[in-house]
Amino acid sequence: MERGVFTGYWRCAPGTSYWDFSDNNEVIYVIEGSLTVQREGEEAQTFGPGTSVAFPQGWKGTWEITETLTKFYVIF
């Protein structure tokens, strides 16, 4: 990915995926929906509308989207 700051909106249907933030940081603001994230070696956490979550460079783990998710993101 090109270096810089990128922002936008992202919408995704329920499902589970693996995320690897080896090359960047991401901060999200959940607009609607719900997701449970679990960083490798840590307990799972659930987030819903109105919450912000930071994924620092080096974060690796799973996202389980339990309700269609709409987020605003900042990647840097």
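These are my notebook entries from a look through this structure, which is a predicted model.

**Entry 1: strands around β6**

I started with strand β6, residues 60-75, and asked what pairs with it. Strand β1 (residues 6-12) runs antiparallel to β6, with seven bridges between them. For a landmark in that pairing I noted G8, which sits opposite Y73. Strand β2, residues 15-20, is also antiparallel to β6 and is joined to it by six bridges. There I looked up D20 and found K60 as its bridge partner in β6. Then I checked strand β3 (residues 26-39): twelve bridges to β6, and antiparallel again. V37 faces W63 across from it in β6.

**Entry 2: L35**

Next I picked L35, which lies in strand β3. Is L35 buried or exposed? Its relative accessible area comes out at 0%, and the cut-off for buried is under 20%, so L35 counts as buried. I then listed its contacts, skipping residues up to four places away in sequence: V30, Q45, T46, F47, W63, E64, I65, T66 and L69. I took a C-alpha distance for one of these, E64: 5.5 Å from L35, though the two are 29 residues apart in sequence.

**Entry 3: the core**

I went on to the largest nonpolar core, which has 15 residues. Which of its residues touch the most other members? I got I28, L35, V37, F55, W59 and W63. The elements giving two or more residues to this core are β3, β5 (52-55) and β6. With five residues, β6 gives the most. I also pulled up F55 and its contacts beyond four places in sequence, among them F21, I28, V37 and W63.

**Entry 4: rings**

A search of the whole structure gave me nine aromatic pairs. For W19 and W63, the ring centres are 3.9 Å apart and the planes are at 15°, so I logged the pair as stacked. W19 is in strand β2 and W63 in strand β6, 44 residues apart, so to speak a link between distant parts of the chain. Both of these tryptophans are buried.

I did F21 and W59 next. Their ring centres are 6.0 Å apart with planes at 70°, so this pair is edge-to-face. F21 is in the loop between β2 and β3, and W59 is in the loop between β5 and β6, 38 residues away. F21 and W59 are both buried as well.

Following the ring pairs, I found that they link W10, W19, F21, F55, W59 and W63 into a cluster. My last lookup was W10: the charged end of K71 sits over its ring, 4.6 Å from the centre.

Notes:
Residues are numbered from 1 along each chain as its sequence is written. This is a predicted model: local features need pLDDT of at least 70, side-chain atom pairs count only at pLDDT 80 or more; totals for chains, interfaces and linings use all residues. Side-chain values use heavy atoms; hydrogens and water are left out. Two strands pair if DSSP finds at least two bridges between them. Helices (H or I, at least four residues) and strands (E, at least two) are DSSP runs, numbered from the N terminus. Buried means under 20% relative accessible area, exposed over 50%, partly exposed in between (1.4 Å probe, protein chains only). Contact means heavy atoms within 4.5 Å. A nonpolar core is a set of buried Ala, Val, Leu, Ile, Met, Phe, Trp, Tyr and Cys residues joined through side-chain atoms within 4.5 Å. Rings of Phe, Tyr and Trp (its six-membered ring) pair if their centres lie within 6.5 Å; planes under 30 degrees apart count as stacked, over 60 as edge-to-face and the rest as tilted. A charge sits over a ring if NZ of Lys or CZ of Arg is within 6 Å of the ring centre and within 35 degrees of the ring normal.
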